[in-house]
Amino acid sequence: MSASSDEHAGPDAPDARDQDATTAQRLDLDEAVPDIDEAVARVEHELGRLFARIRVSWREAAQTVHPDLQPLGYQVLTSIATGKATSAGAIIERLQTDKTAVSRQVRQLEQLGLVESVRDPDDRRARVLVATELAQERVAVARSRYEARLAERLGRWSQADLDRFAEMLSELGGGASDRADGKTPAS
């Protein structure tokens with residue numbers, strides 16, 4: 001008399017149902033890899049489109065400030081105007097660009113009357129870059145236009161969607177790994 005394979009299997013031996021589930025999981029993973037690859041490709045494509053749109057926005061903002069201003073010059077100017085970078089070294093670090101390009105842009109900003117080099121109040125030997133009143137006014141106009149376009153696009157999103165999008169962008173940009181406390185935000 002032959003017993004079924006289930007009767008002879010020990011308590012630790014996988015039964016046919018477990019083997020079927022494992023096989024199904026492998027098939028799901030095999031099918032998921034192309035889906036993930038396609039999803040990553042779509043994200044890459046959309047990021048490319050977004051970056052292109054951002055470059056156009058920087059060009060438009062630069063033109064709003066001054067017709068001769070280049071997009072990099074606008075980025076340098078906003079770094080100075082917001083106080084996020086007020087020395088050439090800080091601008092280079094913030095924008096991840098080379099010294100020659102920053103020097104050229106700062107020189108142009110000074111010639112256009114948008115930036116001045118003044119003594120650092122904390123270190124009289126050093127100099128800092130400050131945006132002129134004219135620059136502050138023109139940057140405010142350019143930023144308000146940009147913020148209005150962004151608000152129009154994101155205004156239809158829920159607060160939860162915006163918060164999650166900001167978290168995802170931070171994670172994509174390495175923000176979670178850059179945090180000082182070493183903790184990553186909850187997913």
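**Notes on the pocket, helix 7 and the salt bridges**

1. Glu147 is partly exposed, with 41% relative accessible area. A word of context for what follows: this is a predicted model. Glu147 has a salt-bridge partner in Arg143, with 3.1 Å between the closest N and O atoms. The two residues sit four apart in helix 6, so about one helical turn separates them. Arg143 comes out as partly exposed too, at 35% relative accessibility.

2. Helix 2 offers a pairing worth viewing next. Here Arg49 forms a salt bridge with Glu46, and their closest N and O atoms are 3.1 Å apart. Both residues belong to helix 2 and are three residues apart, about one turn of the helix. Which of these counts as exposed, and which as partly exposed? Arg49 has 51% relative accessibility and counts as exposed, because the cut-off is over 50%. Glu46, with a relative accessible area of 39%, is partly exposed.

3. Next, please look at Glu171 and Arg164. They form a salt bridge in which the closest N and O atoms are 3.8 Å apart, a value to hold against the 4 Å limit used for salt bridges. Glu171 is partly exposed at 34% relative accessibility, and Arg164 is partly exposed at 33%.

4. How many salt bridges are there by this rule? The count is seven. A network of salt bridges also links Arg53, Glu60 and Arg149, and I would suggest displaying those three side chains together.

5. Helix 7 covers residues 159-172, which makes 14 residues. From its first C-alpha to its last it reaches 20 Å, close to the 20 Å expected at 1.5 Å a residue. Gly174 follows helix 7 and has a positive phi, near 85°.

6. Now for the largest pocket, which holds about 1600 Å³ of space. Its lining has 32 residues, and those nearest the centre are Leu50, Phe51, Ile54, Tyr146 and Leu169. By class, the lining divides into 17 nonpolar, five polar and 10 charged residues.

7. Where does the lining of the largest pocket come from? At least two residues each are supplied by helix 2 (16-65), helix 3 (71-81), helix 4 (88-95), helix 6 (133-154) and helix 7. Helix 2 gives the largest share, with 12 residues. Helix 2 is also where Arg49 and Glu46 lie, so a view along this helix may be a handy place to start.

Notes
Residues are numbered from 1 along each chain as its sequence is written. This is a predicted model: local features need pLDDT of at least 70, side-chain atom pairs count only at pLDDT 80 or more; totals for chains, interfaces and linings use all residues. Side-chain values use heavy atoms; hydrogens and water are left out. The expected span of a helix is 1.5 Å times one less than its number of residues. On a 1 Å grid over the protein atoms alone, a cavity is a set of points where a 1.4 Å probe fits but cannot get out, and a pocket is an open set with protein on both sides within 12 Å along at least five of seven lines; lining residues have an atom within 4 Å of a point. Grid points are joined across faces, edges and corners, and a volume is the space filled by probe spheres set on the points. Ala, Val, Leu, Ile, Met, Phe, Trp, Tyr, Cys and Pro count as nonpolar, Asp, Glu, Lys and Arg as charged, and the others, Gly among them, as polar. Buried means under 20% relative accessible area, exposed over 50%, partly exposed in between (1.4 Å probe, protein chains only).
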